Amino acid sequence: MNISELAQQHHQAMIDLRRELHRHPESGWLTFYATCKIAHVLRNLGYRLKMGEEIVSRHCRLGLGTAEEIISAQERAKKLLTEEEQQFLPILEDGLTGVVAELDTGKPGPVTAFRFDIDAVEVSESRDKAHFPEKEGFSADLEGMMHACGHDGHTSIGLTFAKILAEHRDEFAGKIILIFQTGEEGCRGAVGMEPLHFLDNVDYLFGMHIGFQAKRPQSIICGVQKFLATSKFDVYFQGKAAHASGEPQKGQNALLAGATAALQMHAITRHADGASRINVGVLKAGTGRNVIAPNAYLACETRGETTEINDFMRQRCENIIEGVAKIYDVDYKILSTGGTAGGNSSCAMTDLIEEIALESPFILNSLIQRESDFKACEDFAHFMHKVQQNGGVSGYAMIGTHLAAGHHNERFDFDEDCLLSGLDIVLRLAQRLNGADMQTQE
């Protein structure tokens, strides 16, 4: 198998698929269209599929969305899908989206898993004609939703990778698992999938991302370190309305509770053992200028360099919210909407990615960076933590590309040549870990 030639042969097909996915973005658990497209391709390639309740725990899902949003997303997907593709919709029910596919070669060898995220971001795409997707006619067809993080590229790489593996399965040994994960944005997908135990016997797990700190074409960061753990949560304060002038003493001011909680959470003492973060991104309260505010809503997140530091931040937030509720005599509710573990890439995986990057004709040796500290969150870390806990090896790389604008920006776009680099890396990694010749040598 000549990997670089195969990558070149499939480059235009990857571009076409990426643009098709870009045109129809979906959020989190609402990825009905993408899931059905992916499942249809994988089943035709002969993969054993796990979907729906086989890979997602209903009770562990976070940030699901409303019943109305789910129905609307299902109806939209049905209009976009062929009759054959629509057959998967009933399995996905109320948002049980995503696919786990297994290629069992029937020969002894390791179990290796690759994660590809499939969801989009709540950003309205630029309609400026200078914006490449708009200029070329593949910009988002849904206002307020956009593939502004490169997951359309990740999915395109993953499906092309799946096709080549299936066509060359005789050259591989062991089992290869492909995880097409929903809900990466907001860190709400992995926490709903991991409890279903499909990672329990995985020896190697690999994930990657286009761009971020790898900002030059033909570059790579082989091992990402210092993923921050995070908790995403909403806070609801419920007070009592009253006339602001006539009977203010009869009111219970939820607005003041929300404002005080926001200020006090931002004043939490930082941790000596590593970086920590807190942010209240949204604060909404009240019903009118002459009414004691009976309600308040806060959208919050904590982060920590380790899971323990993040837990420290989350607990302090909960203590503050409880205390503030008592001070202002209001009720409160905390609703978790997302979260993931922290961690670091395994050194053994970083070593391996560095070795195969040196072999790739799509990556310049001078632009190979061994490690980088991420200092942000990625849902993959939840999967990574599980595999490492079980004694396996896991790592995460960043594939270099030129970005038209930063991630989650309305003008985000990437150089589609990076699809070659990404495909080349996952193929070389699969060959190194699961190649039949490699198992014979061992």
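What percentage of the 442 residues of this chain count as buried? The answer is 57%. Please bear in mind throughout that this is a predicted model.

Allow me to begin with the chain as a whole. Its secondary structure comprises 15 helices and twelve strands. Along the principal axes, the C-alpha atoms occupy a box of roughly 80 × 50 × 40 Å. The radius of gyration is 23 Å, which agrees with the value near 22 Å for a compact globule of 442 residues. Among contacts with a separation of 6 or more, 84% join residues that lie 24 or more positions apart. As for the surface, the accessible area is about 18,200 Å², and carbon and sulfur atoms contribute 47% of that area.

I turn now to the sheet. Eight strands make up an open sheet with mixed pairing, and their order is S1-S2-S4-S3-S5-S12-S6-S11. Strand S1, residues 48-50, and strand S11, residues 368-373, are the edges; each has a single partner strand, so one side of each has no neighbour in the sheet. From one strand to the next, the twist averages 25°.

Within this sheet, let us consider one pair. Strand S6, residues 220-225, and strand S12, residues 393-399, are antiparallel and are paired over two bridges. Opposite Ile221 stands Met398 of S12.

Finally, a helix also meets S12. Helix H13, residues 380-389, lies across S12 and across three further strands: S3 (111-117), S4 (175-181) and S5 (204-210). The helix H13 runs at about 150° to S12.

Key: Residues are numbered from 1 along each chain as its sequence is written. This is a predicted model: local features need pLDDT of at least 70, side-chain atom pairs count only at pLDDT 80 or more; totals for chains, interfaces and linings use all residues. Side-chain values use heavy atoms; hydrogens and water are left out. Two strands pair if DSSP finds at least two bridges between them. Helices (H or I, at least four residues) and strands (E, at least two) are DSSP runs, numbered from the N terminus. Axes are lines fitted to C-alpha atoms, for helices over the stretch in contact, and angles run from 0 to 180 degrees between N-to-C directions. Contact means heavy atoms within 4.5 Å. The radius of gyration is taken over C-alpha atoms; the globule rule is 2.2 Å times the number of residues to the power 0.38. Buried means under 20% relative accessible area, exposed over 50%, partly exposed in between (1.4 Å probe, protein chains only). Accessible areas come from the Shrake-Rupley method with a 1.4 Å probe; for residues, only the protein chains shown count as cover.
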